[in-house]
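Me: Please take a close look at how the helices are packed against one another. I would like each pairing treated in turn, with the terms explained as they arise.

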Amino acid sequence: MKSNISNVFSPSNIGALSLKNRLALAPMTRVSANEDGTVGPLMKDYYQSFADGGFALIVTEGLYTDKLYSQCYKFQPGLSDEVQMSSWKEVTEAVHENDGVIIAQLMHAGALSQYNKYTKGNAAPSEIQPLGEEMGIYYGEGEYSVPKAMSQEDINEVISGFASAARLAKCAGFDGVEIHGANGYLLDQFLTVYTNKRSDKYGGVLANRLKIYKDIVEAVREAVGRDFVVGIRFSQSKVNDFEYKWPEQDEGAKTIFQSVLACGVDYIHTTEHVAKGPAFENGLSLASLAKKYANIPVIANGGISSDSDANYLVESGQADIVSLGKIALANPNWPNAVESGQPLQDFDFDMFNPLADLKTAKQFMSA
Ligand SMILES: Cc1cc2nc3c(=O)[nH]c(=O)nc-3n(C[C@H](O)[C@H](O)[C@H](O)COP(=O)(O)O)c2cc1C
């Protein structure tokens, strides 16, 4: 229906950034960097294809922030030094040339690290072995190892790693950064009671478990200045605990979203299995709760594949922008295809078989 489509195709903005529509590429790890964490040979064309296909906003895969404990995957790209930073310039330029905006997602693996080129062993809020098993589609195998509990010095280094990576993102031509606070990685490990048994200021009540988010957002803001976009991503579900729900429910969502608002983030990106579904038993979606309690631009993600789902989230005021993951991999031109009434391809998990990397995807697409 034309009137619906015009909503998701209407312009939007985040902070000082103007977006030509309300469609974003969701962050997706593609383990296709070079061994030294620089941009690999297939990555420029990959990111450019989404800008060329009409996505206004591209959020990169999670990039590691330091050479200590942040790296999660083999062939994961980083933003931990000048060489890695410079390698991103061709990507940011290609996206800009195609009228897109690109945000770097900054990520710390914590206990979920499956590979680290720089440091032996993992570090996390507490010495607790993660649930589940390492992910084979990212070169993992077997159980996760038991991390050491981070000292205050380790935490200080995590915070300065995020700040430094954000500064490098700005130098590389990115339009903003997104702090990965979701999906079971380090920040989420602090937020979650069963992975955070600390008795210091970073553990215990929800406000303490949120302290690392606050410290990181403030340090990043200080590093990049007021005008550079800083967003944050939240989820309930984790890559190693799919059905997890925030135990404090609606009240917890209120505290979480209000506290990051108070630190000065420009947007909140929520992800759920089904973006429009209720976050808890009944009631509002997680995106709607972010909108209700923070009232800044919200990006909703999860299970959105049709234009009617995308439009519904925007039209109903649950989100300002929607981000598409797997369906965008099957249709890098999703916005242009939908706008011109072309058919869409279904996503096929064989695209990640045996690896969720760009080489496997390319072979799959050309088969
Ligand atoms: C291969 C793959 C890699 C992913 N990597 C990341 C990541 O680096 N950072 C992140 O926040 N989410 C990551 N996600 C989660 C997606 O951003 C998104 O939340 C999820 O795919 C659900 O959205 P969808 O239903 O549109 O695919 C990844 C998902 C997939 C399929």
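Reply: The account below goes through three helix pairs and then turns briefly to a loop and the ligand. The model is predicted, so local features need pLDDT of at least 70 and side-chain atom pairs count only at pLDDT 80 or more, whereas totals for chains, interfaces and linings use all residues. Residues are numbered from 1 along each chain as its sequence is written, and side-chain values use heavy atoms, with hydrogens and water left out.

Helices (H or I, at least four residues) and strands (E, at least two) are DSSP runs numbered from the N terminus. Axes are lines fitted to C-alpha atoms, for helices over the stretch in contact, and angles between N-to-C directions run from 0 to 180 degrees.

In the pair formed by α2 (residues 43-52) and α4 (residues 89-97), the axes come within 8 Å and cross at roughly 20 degrees. Therefore α2 is roughly parallel to α4; angles under 35 degrees count as roughly parallel, over 145 as roughly antiparallel, 65 to 115 as roughly perpendicular and the rest as oblique. The crossing of α2 and α4 is right-handed, that is, the near helix is turned clockwise from the far one by less than a right angle, anticlockwise being left-handed. In this contact (heavy atoms within 4.5 Å), Lys-44, Tyr-47, Gln-48 and Ala-51 of α2 meet Glu-90, Val-91, Ala-94 and Val-95 of α4. These residues comprise five nonpolar, one polar and two charged; Ala, Val, Leu, Ile, Met, Phe, Trp, Tyr, Cys and Pro count as nonpolar, Asp, Glu, Lys and Arg as charged, and the others, Gly among them, as polar.

For α9 (residues 249-262) and α10 (residues 286-294), the axes come within 9 Å and cross at roughly 55 degrees. α9 is therefore oblique to α10, and this crossing too is right-handed. From α9, the contact draws on Asp-250, Ala-253, Lys-254, Phe-257, Gln-258 and Leu-261, and from α10 on Leu-286, Leu-289, Ala-290, Tyr-293 and Ala-294. By class, the contact of α9 with α10 has eight nonpolar, one polar and two charged residues.

The remaining pair is α5 (residues 152-171) with α8 (residues 211-224), whose axes come within 8 Å and cross at roughly 35 degrees. α5 and α8 cross in a right-handed sense. On α5 the contact residues are Ile-155, Val-158, Ile-159, Phe-162, Ala-163, Ala-166, Arg-167 and Lys-170, facing Ile-212, Asp-215, Ile-216, Ala-219, Val-220, Ala-223 and Val-224 on α8. The contact of α5 with α8 divides into twelve nonpolar and three charged residues, with no polar ones.

The loop between β3 (23-25) and α2 contains Val-31. Phi of Val-31 is near 35 degrees, a positive value in a residue other than glycine.

The ligand is surrounded by 18 residues, the closest being Pro-27, Thr-29, Arg-233, Asn-301 and Gly-303; a residue is counted if one of its heavy atoms lies within 4 Å. Among the polar contacts (pairs of N or O atoms within 3.5 Å), a backbone N or O atom of Gly-303 lies 2.8 Å from an oxygen atom of the ligand.

Technical notes: A polar contact is a pair of N or O atoms within 3.5 Å; within protein, one must be able to donate a hydrogen and the other to accept it, and residues adjacent in sequence count only if both atoms are side-chain atoms.
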